[in-house]
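Open the model in your viewer and keep the selection panel at hand. The tour below moves from one selection to the next and says what is there.

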There are 2 protein chains.
Amino acid sequence: MGTPRAHRDGSDEAIDGAASDGVFDGLLTYRMRRAWLAVQADLAETLKPFDLRMITFSALVLVEANPRLSQASLARLMAVERPNLVMIVDELARRGLIERNRAPEDRRAYALDVTEAGRALCRDAMQAVRAQDARLFRGLDACERRAVEAAFATLRRSASP
Amino acid sequence: MGTPRAHRDGSDEAIDGAASDGVFDGLLTYRMRRAWLAVQADLAETLKPFDLRMITFSALVLVEANPRLSQASLARLMAVERPNLVMIVDELARRGLIERNRAPEDRRAYALDVTEAGRALCRDAMQAVRAQDARLFRGLDACERRAVEAAFATLRRSASP
DNA sequence: TATTGTTATACTCTATAACTATA
DNA sequence: TATAGTTATAGAGTATAACAATA
């Protein structure tokens with residue numbers, strides 16, 4: 001629990017995962033990091049049966065929600081660079097989950113659309129993610145949940161100003 | 001705000017950062033991700049003046065707190081693989097912040113120790129990180145802070161079981 | 001046989017420069 | 001000239017296999 005100082009010569013039997021936090025005690029940043037790593041791993045596990053990663057899931061959901069979206073728009077929505085989106089869209093298109101249609105009014109751009117298979121997978125995966133989200137945060141009562149939501153919103157705004 | 005459905009052909013002037021959350025509304029996982037990305041960027045910025053990354057800062061703090069630590073023990077504490085720690089320790093040693101001393105009782109292992117320069121940098125960087133942490137979470141009152149701490153602890157336990 | 005530190009390697013994620021074809 | 005999609009590339013971060021020295 002406490003800071004594991006002055007243990008003898010490099011052996012670490014007395015230093016387990018919990019004890020290693022000692023030196024970072026009081027830093028909510030580090031507690032948040034640990035919590036996020038666990039949540040992230042859990043989300044990846046939830047998406048694995050659908051053969052989706054976080055980033056392909058996000059892309060699929062956004063294309064489903066925004067018919068005839070261009071890749072550049074999708075990149076802006078996902079806050080990723082356009083080149084990194086190419087392989088993501090490639091993968092979803094190759095699996096028949098979305099289609100790269102040409103935009104008639106701008107022959108440079110694609111108009112991305114979800115297929116029926118994509119819509120079905122999107123629905124099922126989203127349902128699993130929502131269930132997992134509810135499971136993760138079910139330990140919080142209404143007051144705690146409000147506090148956490150407020151904290152997330154505040155952090156997003158107050159960090160990196 | 002709401003889900004930006006059925007906008008016309010791929011243009012996204014109406015879809016800014018806030019609107020893009022619409023489809024993920026209700027998912028605390030996604031709100032947490034956004035918040036963590038902001039906090040992470042902020043921490044990196046805080047450490048930049050000290051020429052430290054999150055991972056080198058963590059290593060330095062843990063070596064300072066655990067004299068004569070072996071690299072294998074440090075790797076276990078940081079939950080990174082041993083090979084990935086070599087270059088991290090290389091960097092800290094090259095900068096004269098820690099020393100690779102030989103462990104007399106096990107000639108395979110190093111006994112890592114922080115130097116005076118390392119201790120000073122560790123102190124200054126930790127002070128900056130604590131100040132930044134306080135700034136980030138200053139919006140929370142005592143009750144909210146307790147709720148957030150409890151939530152982080154719960155998430156870390158309940159995720160990936 | 002197991003462990004420490006190390007090298008080599010690979011895979012993911014992300015970021016930038018530059019090309020093409022359109023606008 | 002500016003933008004959309006693409007290619008190539010480079011940098012982090014992280015993971016495994018295998019080796020020499022030592023236990």
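**Stop 1: a cavity**

Select A:Thr29, B:Val39, B:Asp42, B:Leu43, B:Val129, B:Gln132, B:Asp133 and B:Leu136, which line the largest cavity. Helix H1 (28-47) and helix H5 (116-136) of chain B are the elements that give two or more residues to this lining. H5(B) gives the most, with 4 residues. By type, the lining divides into 4 nonpolar, 2 polar and 2 charged residues. The volume of the largest cavity is about 30 Å³, and the count of cavities of 30 Å³ or more comes to 1. Keep in mind throughout that this is a predicted model.

**Stop 2: chain A as a whole**

Now show chain A as a cartoon. Chain A has 6 helices and 2 strands. Followed from the N terminus, the elements of chain A run α-α-α-α-β-β-α-α. Of the 161 residues of chain A, 49% count as buried. Among contacts in chain A between residues at least 6 apart in sequence, 48% join residues at least 24 apart.

**Stop 3: DNA strand C**

Select DNA strand C and the residues around it. Which residues come nearest to DNA strand C? Of the 19 residues around the strand, they are A:Arg53, A:Asn84, A:Arg107, B:Ala72 and B:Arg108.

Zoom in on the phosphates. An N or O atom in the side chain of A:Arg53 is 2.2 Å from a phosphate oxygen of DNA strand C. For A:Arg107, a polar backbone atom is 2.9 Å from a phosphate oxygen of DNA strand C. On chain B, a polar backbone atom of B:Tyr110 is 2.9 Å from a phosphate oxygen of DNA strand C. The elements that give two or more residues to the surface near this strand are helix H4 (82-94) of chain A together with helix H3 (71-78) and helix H4 (82-94) of chain B.

Colour the surface near DNA strand C by residue type: its residues divide into 7 nonpolar, 3 polar and 9 charged. Of the atoms of DNA strand C within 4 Å of the protein, 57% belong to sugar or phosphate and the rest to bases.

**Stop 4: DNA strand D**

Move the selection to DNA strand D. It is surrounded by 19 residues, and the closest are A:Gln71, A:Ala72, A:Arg108, B:Arg53 and B:Asn84.

Look at the phosphates here too. In B:Arg53, an N or O atom of the side chain is 2.3 Å from a phosphate oxygen of DNA strand D. A backbone N or O atom of A:Ala72 lies 2.5 Å from a phosphate oxygen of DNA strand D. For A:Tyr110, a backbone N or O atom lies 2.9 Å from a phosphate oxygen of DNA strand D.

Helix H3 (71-78) and H4 of chain A, together with H4 of chain B, each supply at least two residues of the surface near DNA strand D. That surface divides into 7 nonpolar, 3 polar and 9 charged residues. Of the atoms of DNA strand D within 4 Å of the protein, 58% belong to sugar or phosphate and the rest to bases.

**Stop 5: two loop residues with positive phi**

Most residues other than glycine have a negative phi. Select A:Ala79, in the loop between H3 and H4 of chain A. A:Ala79 has a positive phi of about 55° although it is not a glycine. Is A:Ala79 buried or exposed? A:Ala79 is exposed, because its relative accessible area is 65%.

Go next to B:Arg68, in the loop between H2 and H3 of chain B. Phi of B:Arg68 is also positive, near 60°, in a residue other than glycine. B:Arg68 counts as partly exposed, at 29% relative accessibility.

**Stop 6: B:Ser70**

Stay in chain B and select B:Ser70, in the loop between helix H2 (54-65) and H3. B:Ser70 has 10% relative accessibility and therefore counts as buried. The side chain of B:Ser70 makes a polar contact of 2.8 Å with the side chain of B:Ser73.

**Stop 7: B:Val148**

Finish at B:Val148, which is in helix H6 (residues 142-158) of chain B. Its relative accessibility is 2%, so B:Val148 counts as buried. What is B:Val148 in contact with, leaving aside its neighbours within four places in sequence? The contacts of B:Val148 are A:Ala147, A:Val148, A:Ala151 and B:Leu140. To end, draw a distance from the C-alpha atom of B:Val148 to that of B:Asp51: these residues are 97 apart along the chain, and the two atoms are separated by 30 Å.

Terms used
Residues numbered from 1 in each chain as written. Chains lettered and ligands numbered in written order. Predicted model: local features only at pLDDT ≥ 70, side-chain atom pairs only at ≥ 80, totals over all residues. Heavy atoms only, no water. Buried < 20%, exposed > 50% of the residue type's maximum accessible area, 1.4 Å probe, protein only. Contact = heavy atoms within 4.5 Å. Near = heavy atom within 4 Å. Polar contact = N/O pair within 3.5 Å; in protein donor to acceptor, adjacent residues only side chain to side chain. Nonpolar A, V, L, I, M, F, W, Y, C, P; charged D, E, K, R; others polar. 1 Å grid on protein atoms, 1.4 Å probe; cavity = no way out; pocket = protein on both sides within 12 Å on 5 of 7 lines; lining within 4 Å. Points joined across faces, edges and corners; volume = space filled by probe spheres on them.
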